[in-house]
Amino acid sequence: MPVCTAEDVAEAQRRARAAQAEWAARPLAERRAVMLRYHDLVLERQDQVLDIVQVETGKNRVSAFEELADVALTARYYAHAAARHLRPARRRGALPLLTRTVEHHHPKGLVGVIAPWNYPFTLAVSDAIPALLAGNGIVLKPDAQTPFTALIAVELLFEAGLPRDLFQVVTGVGADLGAPLIEGVEYLMFTGSTATGRIIAEQCGRRLIGFSAELGGKNPMIVLADADVDKAVEGAIRACFSNSGQLCISIERLYVEDGVYDRFVAAFAARVGAMRLGAGLDWEADMGSLISRKQLDVVTRHVDDAVAKGARVLAGGKPRPDLGPLFYEPTVLEGVTEEMELARAETFGPVVAVTRVADAEEAVRRANDTAYGLNASVWSTPRHGAEVATRIQAGTVNVNEGYAAAWASIDAPMGGIKDSGVGRRHGREGILKYTEAQTVAVQRGRAIGPVPGLPLEKYAATMTASLKLVKRLPFLR
Ligand code: NAD
């Protein structure tokens, strides 16, 4: 895999920019057809894609499949919704009847995407799909650990009919390629750690270009006494251990109301202890490997530190070198306290801390006591759960689901508050951010301003009377 340089990034930008003008001039229907073909291709070629994702990351097959399904879902959603979001829209004009005002959306030009390794298939292309539909070119920098997955994702786009030069991939070291990438694009989409997000935000700020950043989390799940406990246990398994816990929206803190705590925790720990681990290219394993020594070291350090300071291990708690060099057991800890590193820091691994709470008030207070605000989950009756959800400071909250309900509602915005991010993906904002809004106002009759011959004081008095009148007309509100 080439280790690209700043010159390579500049060349990639030159090529993508040259292709972008022609792409933007095509009718939206043509761009949409490419994405609908892509949807089908991704599903048809899934065996090949899933093998590459698994070999490169060590994740289990169903976690790889979730990525693939996400790409198909995003391609279909934006293929159909792009026209609705992008079409020129009439806005209320300055003067009723006399000013015809239309909001247009033009492509920014070139969009940079910096993607992480944890969902390397979907995060390589899902944010690019709306940008492409809006008429932009793309330069993607995938994580150095997962370039092959990114390349197959983009190759399938070419097969679906995307012009080759329009989507460039530069492989190499993030710290070396970030600055040159930002130097030559009009917008940057970043997914990764909060630490890198801050560096990128500074660089985009200096260039005065827009960016959005989907960053880390320390996501809470609340199980209330009126929840269906069996369903909550199953939901927690998926929410904590999908992708071996290396999921930005996965659950690392579980707050369970007193009345169901013992029942929930006993069932949860037993289910976690029975999970099947493995790295085979089949559908057998409930959880796969971690991706890297670095991840294994963080997980081991967090658990060992917590145990040394008095946390109890209810399930898991050990690396599993017998299964592969980077396996770690799905782990449930109880009695986690403030002095333990994992109380507040993101582990980004298969580790969850369970805590007993007296009531919903305490659960919400503790859930919000974090620097992050990405995702949350509440288990309760639908009505009570939805009410509690709005009191949680997180960009997405799932009721009676861990993460997939909100994430896969692609028509609705997804992203983080506090240290978890800036901007949103998905929905209207997820495509309009790749455009420049332009207001075109056509004035009929005379121009707006003082009437020739009328003293300025009289003009101001007439305007004052008109403004007062207009305020009272309901159809102009
Ligand atoms: P990271 O920030 O180190 O790396 C992410 C990407 O940024 C990689 O492509 C990397 O090469 C690049 N990069 C690193 N340093 C850079 C720099 N100085 N300039 C430009 N690019 C640079 O993240 P990581 O630790 O490898 O990934 C895991 C993190 O990503 C976790 O914190 C997780 O929560 C977060 N994440 C968030 C989401 C989300 O949607 N919110 C999704 C996946 C992962």
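Which helix gives the most to the lining of the largest pocket? In this predicted model, local features need pLDDT of at least 70 and side-chain atom pairs count only at pLDDT 80 or more, while totals for chains, interfaces and linings use all residues. Residues are numbered from 1 along each chain as its sequence is written, and side-chain values use heavy atoms, with hydrogens and water left out.

H9 gives the most, with six residues. The largest pocket (on a 1 Å grid over the protein atoms alone, an open set of points where a 1.4 Å probe fits, with protein on both sides within 12 Å along at least five of seven lines) has a volume of about 980 Å³. Its lining comprises 37 residues, each with an atom within 4 Å of a point. Trp117, Gly192, Ser193, Thr196 and Lys294 lie nearest the pocket's centre. The elements below each give two or more residues to this lining; helices (H or I, at least four residues) and strands (E, at least two) are DSSP runs.

| Element | Residues |
|---|---|
| Helix H8 | 174-183 |
| Strand S6 | 187-191 |
| Helix H9 | 194-207 |
| Helix H12 | 293-308 |

By class, the lining has 18 nonpolar, 14 polar and five charged residues.

Elsewhere, the axes (lines fitted to C-alpha atoms over the stretch in contact) of helix H2 (residues 28-44) and helix H7 (residues 147-159) come within 8 Å and cross at roughly 125 degrees. H2 and H7 are therefore oblique to each other, as angles under 35, from 65 to 115 and over 145 degrees have other names. Val34, Met35, Tyr38, Leu41 and Val42 in H2 meet Ala153, Leu156, Leu157 and Glu159 in H7, contact being heavy atoms within 4.5 Å.

Technical notes
Axes are lines fitted to C-alpha atoms, for helices over the stretch in contact, and angles run from 0 to 180 degrees between N-to-C directions. Grid points are joined across faces, edges and corners, and a volume is the space filled by probe spheres set on the points. Ala, Val, Leu, Ile, Met, Phe, Trp, Tyr, Cys and Pro count as nonpolar, Asp, Glu, Lys and Arg as charged, and the others, Gly among them, as polar.
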